[in-house]
Amino acid sequence: MPEHRKELCVIVVNWHNAATTLACAESLRPALDNYGGKAKLLVVDNGSQDDSVESLRNNLAPEELLCREDNGGFAAGVNTGIEARKADYYVLVNNDAVVEADFLCEITAPLDKDAKLGAISAHIVLQGLWRPSSPRHPHALIDKEGNAWVRTEGQHGQVLTNSTGGIVDAWGNGMDRDWLRPAGDWTAPREVFAFCGGACALRADALDEVGLMREDFFMYYEDLELSYRLRKAGWGIEYAAKAIAHHAHGGSAGVTSPLFVRCNTRNRLLTATLHASKKDLAKAWLRAKAGLGRTAFGILDRSVQPRLLGAQLQGFFQALARFPGLWRARNRAPHPQRTQPR
């Protein structure tokens, strides 16, 4: 343990899900105690209209809760928390995740050792046990080889990896490294291109230099976009294998919800427009157009819900409308304006 702990603020964003958020906060208590007195928790409520605020107030200390008037998305919630609390390190944990007792010590250790690191990504595993399944199962998750997995309620199954950080494929598609890889006697490389915002640590000095998360993304891809800016400014990004968080994947929005599809489609293209090479940018847009065709064919064979094509089209045309402005901004200073989402 370092002789002098850095000041740390853990930020958890809530929207209409107080019970899940409180379970996350409860899991953080031992981790906060293990880190020491300079670690604080801050739950940011993103303008919930249900009974979330009342429930959070009844279960958190007054200084642990900050309420926004509106739902500005994940990035706005995170930025609000960062701007409200001074710290050396900021740790982000999705509200639908729970962490192990040594999580905070493990995820900040690389930052203590190397002043050139700007972000650390945790070892995120999926909650529960999983078994192979048919790809047509309504709750199946698909790995990169096309294998399908579903969660099992029994005692037998595999622990699956959610993320060991973020990578970008040749089509400009951001993805979790080691997605759905069964846990075992393996260790992912320490260096990784991007951090995963579901469980990560950020250095305040790095954020002061490159800026905070883009609030106009609302949700999804804001971690990859910020990772690009960190790397362009010379900051390193690593993965901490022993900083373990258990995540209910898609627990906040759902990976087949229209909101997920629209934001994911749009923000993938916006990130590529801002940061990808011209060759990779062209491939990203071609991939998006091809994806629309695949979704349309999926509707014909009833493997895709029709409403998802509408969400995909919305995301595509929202990105297209913003393309000229972002193209002009590619070579400007990498400090995004705190604009509200459209």
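This report describes strand pairing, the surroundings of arginine 177 and the aromatic pairs in a predicted model.

**Strands**

Strand 14 spans residues 236-247, and 9 of its 12 residues are buried, so the strand is mostly covered. It pairs with strand 5 (residues 97-99) in the antiparallel sense, through 3 bridges. Within this pairing, valine 99 has alanine 245 of strand 14 as its bridge partner. Strand 14 also pairs with strand 6 (residues 117-126), here in the parallel sense and through 9 bridges. In that pairing isoleucine 120 is bridged to glutamate 238 of strand 14.

A further element is an open sheet of 3 strands, ordered 7-9-8 and paired antiparallel. Strand 7 (129-133) and strand 8 (141-142) are its edge strands, each pairing on one side only. Strand 8 is joined to strand 9 (residues 148-152) by 2 bridges, in the antiparallel sense. Leucine 141 has tryptophan 149 in strand 9 as its bridge partner.

**Arginine 177**

Arginine 177 is found in the loop that connects strand 12 (174-176) and strand 13 (199-203). Its relative accessibility is 10%, and because buried means under 20%, arginine 177 counts as buried. The side chain of arginine 177 makes a polar contact of 2.8 Å with the side chain of threonine 164. A polar atom of the arginine 177 side chain also lies 3.2 Å from the backbone oxygen of glutamate 191. The charged end of arginine 177 sits over the ring of tyrosine 239, at 5.5 Å from the ring centre. Beyond neighbours within four places in sequence, the contacts of arginine 177 include Asn162, Gly165, Ile167, Pro189 and Val192.

Another arginine placed over a ring is arginine 181, which lies over the face of tryptophan 186 at 3.8 Å from the ring centre.

**Aromatic pairs**

The model has 6 aromatic pairs. Two of them are listed here.

| Pair | Centre to centre | Angle between planes | Class |
|---|---|---|---|
| Tyrosine 220 and phenylalanine 260 | 4.9 Å | 75° | edge-to-face |
| Phenylalanine 316 and phenylalanine 317 | 5.4 Å | 90° | edge-to-face |

Tyrosine 220 is in the loop between helix 5 (204-210) and helix 6 (222-232), while phenylalanine 260 is in helix 7 (residues 258-275), so their pair ties together parts 40 residues apart in sequence. Tyrosine 220 is partly exposed, with a relative accessible area of 22%. Phenylalanine 316, at 9% relative accessibility, counts as buried. Phe316 and Phe317 also belong to a cluster linked by ring pairs, together with Trp285, Phe323 and Trp327.

Technical notes:
Residues numbered from 1 in each chain as written. Predicted model: local features only at pLDDT ≥ 70, side-chain atom pairs only at ≥ 80, totals over all residues. Heavy atoms only, no water. Buried < 20%, exposed > 50% of the residue type's maximum accessible area, 1.4 Å probe, protein only. Helix = DSSP H or I, 4+ residues; strand = E, 2+ residues; numbered from the N terminus. Pairing = 2+ DSSP bridges. Polar contact = N/O pair within 3.5 Å; in protein donor to acceptor, adjacent residues only side chain to side chain. Contact = heavy atoms within 4.5 Å. Phe/Tyr/Trp six-rings, centres within 6.5 Å; stacked < 30°, edge-to-face > 60°. Lys NZ or Arg CZ within 6 Å of the ring centre and 35° of its normal.
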